[in-house]
Protein chains: 2
Amino acid sequence: MRPADPPARNADVRRPTLNAVAALAGVGRGTVSRVINGSPKVSDRSRAAVQRAIDELGYIPNRAARSLVTQRTDSVALVVPEAQNRLFSEPYFSGIIRGVSAGLAGAGMQLLLVLVRDEKEYARLATYLSAQRVDGVLMMAVHSDDTLPDRLEELAVPTVLAGRRGDGEPLGHVRADNGGGARSAVEHLLAGGRRTIGTITGPLDMDVAQARLEGYREALEKAGLEVQDDLIVQGDFTEDGGRWAMRELLRRRPEVDAVFAASDVTASGAVLELRASGRRVPDDVAVIGFDDSIVARHIDPPLTSVRQPLEEMGRTMARLLLDEIEQRGAGHRGVVLPTELVVRESA
Amino acid sequence: MRPADPPARNADVRRPTLNAVAALAGVGRGTVSRVINGSPKVSDRSRAAVQRAIDELGYIPNRAARSLVTQRTDSVALVVPEAQNRLFSEPYFSGIIRGVSAGLAGAGMQLLLVLVRDEKEYARLATYLSAQRVDGVLMMAVHSDDTLPDRLEELAVPTVLAGRRGDGEPLGHVRADNGGGARSAVEHLLAGGRRTIGTITGPLDMDVAQARLEGYREALEKAGLEVQDDLIVQGDFTEDGGRWAMRELLRRRPEVDAVFAASDVTASGAVLELRASGRRVPDDVAVIGFDDSIVARHIDPPLTSVRQPLEEMGRTMARLLLDEIEQRGAGHRGVVLPTELVVRESA
DNA sequence: ATGCCGCGTGGGAGCGGTCCCACGGGTCCT
DNA sequence: AGGACCCGTGGGACCGCTCCCACGCGGCAT
């Protein structure tokens with residue numbers, strides 16, 4: 001129990017209100033509101049007077065007050081499952097954020113960052129999000145069995161995903177052309193004369209992993225080569241997983257002369273294992289990764305990798321979400337952005 | 001009575017209000033408010049009734065409405081200058097964010113992410129922030145000539161910085177023990193029998209760079225060695241800067257047998273240059289970096305590096321900010337957190 | 001002139017909370 | 001018995017904005 005209430009609530013300088021602007025401009029509140037919201041039904045004279053008053057007072061609308069009546073918050077949440085946050089190579093995360101931020105800033109929207117630590121938090125999140133009345137939700141790294149997106153859809157919260165859960169993703173989402181990227185990687189290996197090309201996949205319950213594997217298959221088939229199951233080893237996007245998978249691959253097929261890894265981190269594990277087995281990269285075995293992350297540039301030898309247009313993906317996510325907020329039922333759309341092969345020394 | 005019900009404003013399901021809870025619980029609005037805010041002046045009977053009604057309706061308070069009257073937003077902004085966002089090794093950024101998020105979540109505070117692209121945006125930011133009425137501001141990576149913090153202080157916006165601008169930083173801030181970290185790195189090199197130890201610094205207008213350089217000096221002096229100016233080369237935290245600085249260092253002192261680099265990225269550049277000059281790491285020249293970033297683990301050889309307790313730094317920032325919001329004038333405090341030397345193969 | 005139209009415009013009525021004042025009804029003291 | 005006090009309580013008055021209705025006024029047709 002507090003002995004006495006804090007005196008002087010706090011040192012806040014009371015900011016000017018719309019009322020103050022109206023008084024100074026000699027018009028009614030309605031008119032000021034119209035000017036601020038760009039309504040056309042205001043005379044030039046009033047508009048100028050209001051504008052002058054706004055400038056003079058340094059008036060900035062109070063978001064809470066507006067939000068209370070419009071039932072909008074002009075803010076969206078970016079949900080990042082904690083686990084993924086580590087798993088995914090960092091450029092992925094920060095690149096997308098940068099794009100999202102840029103796309104949102106233009107629309108005067110705020111970005112709420114929500115890191116989700118554990119399952120318990122995750123479960124309560126849907127209610128939380130709809131109660132906070134964010135206008136929309138951006139989700140990073142959804143798993144195929146993720147139900148949060150469905151709940152958000154039920155609650156009619158506009159949602160856009162980074163990546164999709166599976167083939168017929170009903171929600172709006174943005175993803176890189178994983179299949180195409182993988183294809184171009186394998187084609188590059190083929191063009192380099194490699195013939196026994198293995199691949200280390202990601203967890204196959206993730207769409208990205210599936211898509212990249214599919215691209216690998218397509219490239220081989222297009223080249224008239226047979227897809228051999230023992231050249232395909234499942235990894236988990238980690239470095240240790242990459243090492244382990246590479247060892248397995250070498251055991252099965254010691255003559256392998258190239259590897260396409262579904263992530264750079266995996267690839268770096270593979271390179272380590274190759275070196276441990278006395279093989280040289282790329283002379284004996286060529287390696288290509290995916291993501292063009294920091295490690296790609298820094299491992300020895302520098303890694304050829306598939307780059308995703310991260311910032312553009314982020315911007316696109318923002319745009320899609322804004323569209324959906326503007327007119328719900330605009331239909332959830334999926335956007336696929338092209339990838340690019342960055343050739344370095346490993347292949 | 002209103003003539004007719006509002007014509008379904010939009011597809012939003014109208015969430016229950018405090019009024020609805022009061023009606024269902026058979027009490028007044030004031031009582032419900034008291035229960036929600038944990039006031040002791042409520043009878044157990046009322047409290048129970050209200051609690052039941054809340055659960056039944058799934059009531060969650062409307063932040064905007066509350067914010068309007070309390071003049072608080074229960075949200076803080078995390079400001080990240082865009083340039084730094086690239087410059088700083090990523091674990092730094094994401095580690096701190098994770099800590100901040102954890103620290104804030106406990107207090108029911110929201111985290112607003114604000115990336116600042118260019119100078120123009122930056123200039124308007126102070127006004128913007130105080131107008132948005134965020135309760136406080138967290139700033140990443142301030143430069144020593146940064147004036148935004150000062151403006152925020154003027155505007156009486158509670159602020160906590162990651163790192164400090166200089167020696168007598170007036171604002172609350174959290175930083176790693178950069179000097180101590182550098183010292184332990186150099187001591188490790190000395191313990192390994194190295195005697196001609198060079199250092200590649202960061203931009204010396206940044207406090208971290210200064211502090212790390214100072215630690216280098218102290219360690220040498222403590223060991224009774226002379227600090228030789230030509231063993232100190234200024235870098236810029238980039239890889240290229242590291243290469244260039246290493247080349248310069250080799251030119252000045254070809255017999256150098258160890259290098260302490262002020263960042264891992266710098267160190268990785270140095271390693272590249274050392275190898276290009278035909279030297280082996282660590283056999284001929286030992287190298288230690290700072291940050292324990294991803295690249296530290298992935299370059300060849302794996303880099304010995306100084307780790308900062310990033311997540312704890314984030315949590316501490318959150319706590320400091322919360323304190324300052326709670327009672328302004330609690331005095332801006334600086335907190336220094338210990339670092340840890342992670343020994344790998346490069347030294 | 002008289003009516004009608006449409007454009008700007010002012011301002012009342014909320015949005016959903018918190019704050020605080022006034023009030024009923026017990027307890028305890030005189 | 002009457003007064004002073006305390007406790008839990010209801011509800012009015014906002015917080016700063018948008019929405020919308022009603023109104024004044026000039027121009028045009030009647």
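**Exercise 1.** How much area do chain B and chain A bury between them, and what percentage of it is on carbon and sulfur atoms?

*Solution.* This is a predicted model: local features need pLDDT of at least 70, side-chain atom pairs count only at pLDDT 80 or more, and totals for chains, interfaces and linings use all residues. Residues are numbered from 1 along each chain as written, chains are lettered from A in the order written, and side-chain values use heavy atoms, without hydrogens and water.

Step 1. Buried area is the accessible area (1.4 Å probe) that two parts lose on being put together, summed over both.
Step 2. The two chains bury about 4,500 Å², with 53% of it on carbon and sulfur atoms.
Step 3. On the chain B side, R98(B), L113(B) and H298(B) lose the most area to chain A, together 14% of what that side buries.

**Exercise 2.** Find how the copies are related.

*Solution.*
Step 1. Superpose by least squares on C-alpha atoms of residues with pLDDT of at least 70 in both copies.
Step 2. Chain B lands on chain A after a rotation of 180° with 0.0 Å of shift along the axis (RMSD 0.1 Å).
Step 3. The two copies are thus related as by a two-fold rotation axis.

**Exercise 3.** Describe the surroundings of strand β3 (residues 136-139) of chain B.

*Solution.*
Step 1. Strands here are DSSP runs of E, at least two residues, numbered from the N terminus.
Step 2. G136(B) and L138(B) point one way, V137(B) and M139(B) the other; all are buried (under 20% relative accessible area, 1.4 Å probe, protein chains only).
Step 3. Strands pair if DSSP finds at least two bridges between them. Three bridges join β3(B) to β4(B), running parallel. There, L138(B) stands opposite V160(B).

Note on methods:
Buried means under 20% relative accessible area, exposed over 50%, partly exposed in between (1.4 Å probe, protein chains only). Helices (H or I, at least four residues) and strands (E, at least two) are DSSP runs, numbered from the N terminus.
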